[in-house]
Amino acid sequence: MRYENSKIVNVKFGKNVKIIKPCNIYGSKLGDNVFIGPFVEIQKNTKIGNGSRIQSHTFICELVDIGKNCFIGHGVVFVNDKFNKKNGPSKDSNLWEKCLLEDNVSIGSNSTILPIKICSGSVIGAGSVVVKDIKVKGIYAGNPAKLIKKI
Amino acid sequence: MRYENSKIVNVKFGKNVKIIKPCNIYGSKLGDNVFIGPFVEIQKNTKIGNGSRIQSHTFICELVDIGKNCFIGHGVVFVNDKFNKKNGPSKDSNLWEKCLLEDNVSIGSNSTILPIKICSGSVIGAGSVVVKDIKVKGIYAGNPAKLIKKI
Amino acid sequence: MRYENSKIVNVKFGKNVKIIKPCNIYGSKLGDNVFIGPFVEIQKNTKIGNGSRIQSHTFICELVDIGKNCFIGHGVVFVNDKFNKKNGPSKDSNLWEKCLLEDNVSIGSNSTILPIKICSGSVIGAGSVVVKDIKVKGIYAGNPAKLIKKI
């Protein structure tokens, strides 16, 4: 049995980043004033914009790009592989898909975010599963997440 | 980049509390015989009653008051900000709301609990999202959680 | 207050197991080439088959038996007690129920798996809650999870 410890490696830091350990963060670019709570994993090829906050227990997978001043709640899980190409996980990362959160997006705790795009200023209620692009600024909730109210 | 380690500080302990580390617990009041599993975060201004058990991966936010002999499953996430006042998270904690679990409440794993009140003896099924006060003792499940059976 | 640290004890390891710490794993049998991500808890009386991958933040409870080459996503929570016998958690482990995943099963991230059986090759979408046996090989999703497509 081999083991490794969680680590913070190959990370490009902006100014005034604050992290609560333990965390496992590698190959990510973190903007100015980013906050990262405990028990967070952030994989490589990810970007967190200036002023965004990543709360405890959240998992950010490869190919996630989070804009400025976003709020990612507790226990949020991002997904880059919809399992639809291989009827299961693809080992070939060329089959994975991107997730883009524009600026000022808020994701409620315990939500699951498939590889989609969420437009600026939108709000996702806690416990939601977001499976489609969100193109209209609004409040969305449910499994699958649906528009509750335009804002 | 600054980092802090997870910690257990400013906690008022009852008798015979047991905690599995790593945990991040601050400013909470834990009653007698409380058990807290690994990878748990509990924020300030919270109370866990005598005999209650908080399982692994759970997040308890500010303003949560858990009664006696409650069972909080694994990966349960509490929420104090419904995002409805600012169309996103409120930095002003005066806009956050309380969550109250009376005695003998059981919360199934991976559930999400909005700032509501749950009456004594009620049971929430695993994977539920509880968005409204629960005033009738029963078993509730789903997203949003609905009454399955009175008990 | 007593505390313990997370640990890896009483585990039977196959060849080439890789674990990212911190983890809390006890009394489990891990097959060859098993991978376990960070912030994972695996309880006793569990078995993970050769080649299976358990991603970060996942909780595997007692009485879970996972086959070969399964993929368990991030933040997946297994449950062995349906709360239906005592209208809440049973302290008597004789009342807990088994969960069996056959070979090549894929569980999407943030899913909740009740004590059921999932047949070989089936795929569970992210954020699902699986409450019944899955006997037909297919893709399932939702809360509760329903058949989306046979495969």
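These legends walk through several close-up views of a predicted model.

Local features here need pLDDT of at least 70, side-chain atom pairs count only at pLDDT 80 or more, and totals for chains, interfaces and linings use all residues. Residues are numbered from 1 along each chain as its sequence is written, while chains are lettered from A and ligands numbered from 1 in the order in which they are written.

**View 1. Chain A on its own is a strand-only affair, with 0 helices and 22 strands.** Both kinds of element are DSSP runs numbered from the N terminus: helices are H or I with at least four residues, strands are E with at least two. The C-alpha atoms of chain A fill a box of roughly 45 × 40 × 20 Å along the principal axes. With a radius of gyration of 15 Å, close to the 15 Å from the globule rule for 151 residues, chain A is as compact as a globular protein of that length. (That radius is taken over C-alpha atoms, and the rule is 2.2 Å times the number of residues to the power 0.38.) Of the 151 residues of chain A, 52% count as buried, meaning that 20 or more other C-beta atoms, placed from the backbone, lie within 10 Å of the residue's own.

**View 2. Chains A, B and C are set around by turns of 120°.** Chain B can be laid on chain A with an RMSD of 0.0 Å by a turn of 120° and a shift of 0.0 Å along the axis. That is what a three-fold axis gives. Laying chain A on chain C takes a turn of 120° and a shift of 0.0 Å too, again with an RMSD of 0.0 Å. The fits are least-squares superpositions on C-alpha atoms of residues with pLDDT of at least 70 in both copies.

**View 3. Here chain A meets chain C, with 23 residues from chain A and 25 residues from chain C.** Contact means C-beta atoms, placed from the backbone, within 7 Å. Strand 1 (residues 2-5) gives the largest share of chain A's side, 4 residues. That side divides into 11 nonpolar, 9 polar and 3 charged residues; Ala, Val, Leu, Ile, Met, Phe, Trp, Tyr, Cys and Pro count as nonpolar, Asp, Glu, Lys and Arg as charged, and the others, Gly among them, as polar. Strand 1 of chain A pairs in the parallel sense with strand 4 (residues 18-21) of chain C over 4 bridges, where pairing asks for at least two DSSP bridges. A:Arg2 has C:Lys18 as its bridge partner.

**View 4. An open sheet of 9 strands takes in a strand from chain B.** The order is 22(A)-21(A)-19(A)-16(A)-13(A)-10(A)-7(A)-4(A)-1(B), with mixed pairing. Strand 22 (146-150) of chain A and strand 1 (2-5) of chain B stand at the edges, each with a single partner strand, so one side of each lacks a neighbour in the sheet. Strand 4 of chain A pairs in the parallel sense with strand 1 of chain B over 4 bridges, A:Ile20 being partnered with B:Glu4. Strand 4 of chain A also runs parallel to strand 7 (residues 35-36) of chain A over 2 bridges, and there A:Lys18 is partnered with A:Phe35.

**View 5. Phe78 turns up in the largest nonpolar core, which has 129 residues.** Such a core is a set of buried Ala, Val, Leu, Ile, Met, Phe, Trp, Tyr and Cys residues joined through C-beta atoms within 7 Å. A:Phe78, B:Phe78 and C:Phe78 have the most contacts inside it. Leaving out residues up to four places away in sequence, B:Phe78 touches B:Phe59, B:Ile60, B:Cys61, B:Val64, B:Cys99 and B:Ile113.

Conventions
Contact = placed C-beta atoms within 7 Å. Buried ≥ 20, exposed ≤ 12 C-beta atoms within 10 Å, placed from the backbone.
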